[in-house]
Amino acid sequence: EALSGRTLPFTVRFIAFGSEEVGLLGSRAYVDSLSDEKRDQIVAMLNFDALGSGTGLVVSGGPELTDIVVEQGRRRGIGVEVSPGLRGGSSDHASFASAGVPVLLFFSDDSSRIHTTQDTLDFINPDLPGGAARLGLDLLDALANSP
């Protein structure tokens with residue numbers, strides 16, 4: 001909804017990949033299906049994963065993207081920590097990164113409940129996915145205005 005009616009100099013695709021938990025099969029198949037030309041046209045892959053639980057927003061990716069998000073977070077009063085990545089696993093952004101696409105992973109500072117019976121709505125912190133979405137939109141704006 002926030003992007004409707006906006007014109008950006010690139011196409012935005014919202015993709016829900018399947019089979020992430022069994023080896024990133026969906027994202028890998030998608031990346032493998034792209035021609036080199038199509039892959040080279042990708043400005044960035046933003047991955048929003050495991051954002052519900054915890055108290056802080058974390059990003060992982062190259063400094064060309066993380067620096068923008070941290071600065072936008074500072075301007076908006078949204079705390080953002082930069083991390084080298086997820087501990088003990090990966091996510092769909094890895095399929096894009098291995099193909100040379102700039103990536104940014106948004107996740108939270110608490111993954112202790114993932115894949116457990118404690119992974120329930122009771123522990124959702126709505127500020128985390130909301131903040132990540134806001135910063136994702138800010139990042140798209142920054143990318144649209146960069147050379």
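In the predicted model, Arg76 is partly exposed, with a relative accessible area of 43%, and the side chain of this residue meets that of Asp138 in a salt bridge whose N-to-O distance is 2.5 Å. The two partners come from distant parts of the chain, since Arg76 lies in helix H3 (residues 63-76) and Asp138 in helix H5, 62 residues apart. Asp138, in contrast to the partly exposed arginine, has a relative accessible area of 5% and is therefore classed as buried, the limit for that class being under 20%.

Side chains of opposite charge can pair when their charged atoms come close. A search of the whole structure finds seven salt bridges, and another of these pairs joins Arg6 to Asp141, with the closest N and O atoms 2.0 Å apart. This pair also links distant parts of the chain, for Arg6 belongs to the segment before helix H1 (25-33), whereas Asp141 is in helix H5 (residues 127-144), 135 residues away. Both partners are partly exposed, Arg6 with a relative accessible area of 32% and Asp141 with a relative accessibility of 24%.

A further salt bridge is formed by Asp110 and Arg113, whose closest N and O atoms are 2.9 Å apart; Asp110 counts as partly exposed, at 22% relative accessibility. In addition, Glu71, Arg74 and Arg75 are linked to one another in a network of salt bridges.

Attention now turns to the nonpolar residues. The largest nonpolar core of the model consists of 19 residues, and those with the most contacts inside this core are Leu57, Val69, Val80, Leu104 and Phe106. At least two residues of the core are supplied by each of strand S2 (57-61), helix H3, strand S4 (103-108) and helix H5, and the largest share, seven residues, comes from H5.

The surroundings of Phe106 were examined in further detail. When neighbours within four places in sequence are left aside, Phe106 is in contact with a set of residues that includes Asn47, Phe48, Asp49 and Leu51, together with Leu57, Val58 and Val59. Val69 also touches Phe106, as do Ala132, Leu135 and Gly136. Separate from the largest core, a second core of five residues is found, among them Val31, Met45, Phe96 and Val101.

Taken together, helices H3 and H5 appear in both parts of this description: the salt bridge between Arg76 and Asp138 joins these two helices, and each of them supplies at least two residues of the largest nonpolar core.

Conventions
Residues are numbered from 1 along each chain as its sequence is written. This is a predicted model: local features need pLDDT of at least 70, side-chain atom pairs count only at pLDDT 80 or more; totals for chains, interfaces and linings use all residues. Side-chain values use heavy atoms; hydrogens and water are left out. A salt bridge is a side-chain nitrogen of Lys or Arg within 4 Å of a carboxyl oxygen of Asp or Glu. Helices (H or I, at least four residues) and strands (E, at least two) are DSSP runs, numbered from the N terminus. Buried means under 20% relative accessible area, exposed over 50%, partly exposed in between (1.4 Å probe, protein chains only). A nonpolar core is a set of buried Ala, Val, Leu, Ile, Met, Phe, Trp, Tyr and Cys residues joined through side-chain atoms within 4.5 Å. Contact means heavy atoms within 4.5 Å.
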